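Trainee: I would like a close look at the most densely connected part of the interior, if there is one, and at how the rest of the chain relates to it. Please take it step by step.

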Amino acid sequence: MSKELIERNHLSKLIYFKNKEIEQIKGRILSIGGYKANKLILEILEINGKENLINKFRIILKLLKYWAKGNFIYGGKYGYLNGSSLAILTAKVILLFPHGSVPFLLEKFFFIYSTWNWKYPIKIEKLTNLGSQGWNLNLDIKSKNNLFKNNIEEINKKRKLKYLMPMFMTIITPGYPEQNTMFNVNLSTFEIIQRELIKGKIEKMN
């Protein structure tokens with residue numbers, strides 16, 4: 001990791017609120033999380049490769065948005081990919097292969113994520129480790145349970161909880177506040193996304 005990122009991570013760890021205080025302003029903090037994450041992604045790419053990586057990032061991200069929308073797997077609130085998740089996935093591949101061409105990086109995108117073990121989160125920076133204020137898998141699952149449990153019919157409760165609650169995909173935004181951009185994914189949407197990623201890999205290989 002570069003010196004600039006280390007320094008920024010160090011500073012972010014100093015931003016620590018008491019639990020009661022953080023709960024009072026949590027909504028406002030999370031509302032700007034997407035903007036901050038996108039800005040940080042560009043900073044990370046710039047530090048690692050100047051303008052060249054940013055140009056490739058913008059081209060690939062635009063192509064992937066067309067792909068996701070064309071295959072009806074774009075829309076975070078419906079449990080599909082969104083702009084933030086695609087940006088992080090794209091940045092991850094570019095950082096792994098900074099000298100790759102756009103076609104090469106697209107091929108790697110589909111190969112990596114169609115075979116990824118989604119028990120492991122995708123991230124482009126180390127987690128801030130701010131306890132309850134940072135991202136935590138158990139807290140994410142608890143939040144998801146609280147969100148859905150009151151809307152689930154009692155007769156199908158166990159089956160639906162198993163269907164809805166686990167974190168099938170975890171793509172973490174960089175910096176504070178860390179968020180899982182794929183929070184709304186369920187078993188059905190996860191399988192659809194995976195199917196399209198596999199199709200994309202096959203098409204790129206042919």
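Mentor: Helices here are DSSP runs of H or I with at least four residues, numbered from the N terminus. On that basis the order of elements in this predicted model is α-α-α-α-α-α-α-α, which amounts to eight helices and zero strands. The chain has 206 residues, 42% of them buried. Of the contacts between residues at least 6 apart in sequence, 66% connect residues at least 24 apart.

The part to look at is the largest nonpolar core, which has 41 residues; F109 and Y113 have the most contacts inside it. Helices α3 (33–70), α4 (83–96), α5 and α8 each supply at least two residues of this core. The most comes from α3, which gives 12 residues. As a general point, nonpolar side chains in soluble globular proteins tend to be buried together.

Now take F109 and Y113 themselves. Both belong to helix α5 (residues 102–114) and are four residues apart, so about one helical turn separates them. Their ring centres are 5.0 Å apart and their planes stand at 75°; since an angle over 60 degrees counts as edge-to-face, the pair is edge-to-face. Burial is judged by a cut-off: a residue under 20% relative accessible area is buried. F109 has a relative accessible area of 1%, so F109 is buried. Y113 is also at 1% relative accessibility and therefore counts as buried.

The surroundings of F109 can be listed. Neighbours within four places in sequence aside, F109 is in contact with L64, L86, L89, T90, V93 and L197. The F109–Y113 pair also has a wider aromatic setting: ring pairs join F109 and Y113 with W67, F110, W116 and W118 into a cluster. Over the model, the count of aromatic pairs is seven.

Charged groups can be taken next. The count of salt bridges is one, between the side chains of E196 and K199, with an N to O distance of 3.5 Å. Both residues lie in helix α8 (residues 187–205), three residues apart, or about one turn of the helix. The two partners fall into separate accessibility classes: E196 is buried at a relative accessible area of 7%, whereas K199 is partly exposed at 38%. Another charge lies by a ring: the charged end of K69 sits over the ring of Y74, 5.1 Å from the ring centre.

One backbone detail belongs to the loop between α3 and α4, where F72 is placed. F72 is not a glycine, yet has a positive phi of about 60°. Most residues other than glycine have a negative phi. With a relative accessible area of 67%, F72 is exposed, in contrast to F109, which is buried at 1%.

For the surface as a whole, the chain exposes about 12,200 Å², and carbon and sulfur atoms supply 56% of that area.

To come back to the part you asked for: F109 and Y113 have the most contacts inside the 41-residue core, they lie about one helical turn apart in α5, and their rings meet edge-to-face.

Key. Residues are numbered from 1 along each chain as its sequence is written. This is a predicted model: local features need pLDDT of at least 70, side-chain atom pairs count only at pLDDT 80 or more; totals for chains, interfaces and linings use all residues. Side-chain values use heavy atoms; hydrogens and water are left out. Buried means under 20% relative accessible area, exposed over 50%, partly exposed in between (1.4 Å probe, protein chains only). Contact means heavy atoms within 4.5 Å. Accessible areas come from the Shrake-Rupley method with a 1.4 Å probe; for residues, only the protein chains shown count as cover. Rings of Phe, Tyr and Trp (its six-membered ring) pair if their centres lie within 6.5 Å; planes under 30 degrees apart count as stacked, over 60 as edge-to-face and the rest as tilted. A charge sits over a ring if NZ of Lys or CZ of Arg is within 6 Å of the ring centre and within 35 degrees of the ring normal. A salt bridge is a side-chain nitrogen of Lys or Arg within 4 Å of a carboxyl oxygen of Asp or Glu. A nonpolar core is a set of buried Ala, Val, Leu, Ile, Met, Phe, Trp, Tyr and Cys residues joined through side-chain atoms within 4.5 Å.
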